[in-house]
Amino acid sequence: MISPIFADVETLVVDYLRSRLGDFPFEWSDISVRAVSRADRGPDDDPELTVRCEESAGDPLITQRATVRVTAWAEERDDAKEIARLAHAGLIGHPGDADVLSVRQVEGVVVEEEGEHADRRASFSVLVAQRPSRPDQGRSEHE
C-alpha cells in the first residue's frame, strides 16, 4: 500500500480555516470553505472562501513547502476584502501542528481590480511548510 509522504495541503488549509470560522464575525461564521482548481461563480452566489495549491517543493524526507492561494468571493468589494482579511489573519496565526510547521505570508490581501470577477474577489498567498506524515497518524476524511 502506498502512503503519501505529506498530507494534502489544500485539505489542511480548508480544515484549519473551517476550524477558525467561529472566530469570524457572525455574518461570516458559516461561510463555505472549499478546495477548488477553478472557481465557477455566478453573480448571485453566496460568499465563500476557496483554497488552491499553486506550487510545492521540498525534500520529501524533511519538509515540503507549498504556496497556497486563498480567495474570498462576495458580491461587494468590501465584503470580499473583509472575508479575505479575516482568513489571512486566521491562517497566519496557525500555531503549527503534527502536519504544519509554519504558515508565512507570500502575498497580502489584494482585491481583483480587472476581469470578469473585478471587485468580487480578494485573495492572498501563504507558504505552508509541512512535516512528513507518520503512517500511524489518522487522515482527514477529505484525503
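Student: Which residues line the largest cavity?

Tutor: In this predicted model, the question concerns the largest cavity, which holds about 40 Å³ of space. By class, its lining has 7 nonpolar residues, 1 polar residue and no charged ones. The residues that line the largest cavity are Leu 12, Val 13, Tyr 16, Leu 91, His 94, Val 100, Val 103 and Val 128.

Student: Which element gives the most residues to that lining?

Tutor: Two elements, α1 (9-20) and β4, each give two or more residues to the lining of the largest cavity. Of the elements, the one that gives the most, with 3 residues, is α1.

Student: In what order do the 5 strands of the open sheet lie?

Tutor: The sheet is open and its pairing is mixed, while the twist averages 20° from one strand to the next. At one end, β1 and strand β2 (residues 48-59) pair in the parallel sense over 4 bridges, and within that pairing Ala 35 has Val 51 of β2 as its bridge partner. Read across the sheet, the order is β1-β2-β3-β5-β4.

Student: Why is one side of β1 and of β4 left without a neighbour in the sheet?

Tutor: In the order β1-β2-β3-β5-β4, these two strands come at the two ends. Because β1 (32-35) and β4 (100-111) each have a single partner strand, one side of each is left without a neighbour, and the place where both stand is at the edges.

Student: What angle does the direction of helix α2 make with that of β4?

Tutor: Helix α2, which covers residues 77-92, packs on the sheet and touches β2, β3 (63-73), β4 and β5 (121-130). Taking the direction of the helix together with that of β4, the angle between them is about 160°.

Student: Is Ala 72 buried or exposed?

Tutor: Ala 72 is found in strand β3, and, leaving aside its neighbours within four places in sequence, Ala 72 is in contact with residues including Glu 48, Leu 49, Ala 80, Ile 83 and Ala 84. The cut-off for the buried class is a relative accessible area under 20%. Since the relative accessible area of Ala 72 is 0%, this residue is buried.

Student: What distance separates the C-alpha atoms of Ala 72 and Ala 122?

Tutor: Ala 122 is among the residues in contact with Ala 72, as are Arg 120 and Arg 121. Along the chain, Ala 72 and Ala 122 are 50 residues apart, yet the separation of their C-alpha atoms is 5.3 Å.

Note on methods: Residues numbered from 1 in each chain as written. Predicted model: local features only at pLDDT ≥ 70, side-chain atom pairs only at ≥ 80, totals over all residues. Heavy atoms only, no water. Pairing = 2+ DSSP bridges. Axes fitted to C-alpha atoms, helices over the stretch in contact; angles between N-to-C directions. Contact = heavy atoms within 4.5 Å. 1 Å grid on protein atoms, 1.4 Å probe; cavity = no way out; pocket = protein on both sides within 12 Å on 5 of 7 lines; lining within 4 Å. Points joined across faces, edges and corners; volume = space filled by probe spheres on them. Nonpolar A, V, L, I, M, F, W, Y, C, P; charged D, E, K, R; others polar. Buried < 20%, exposed > 50% of the residue type's maximum accessible area, 1.4 Å probe, protein only.
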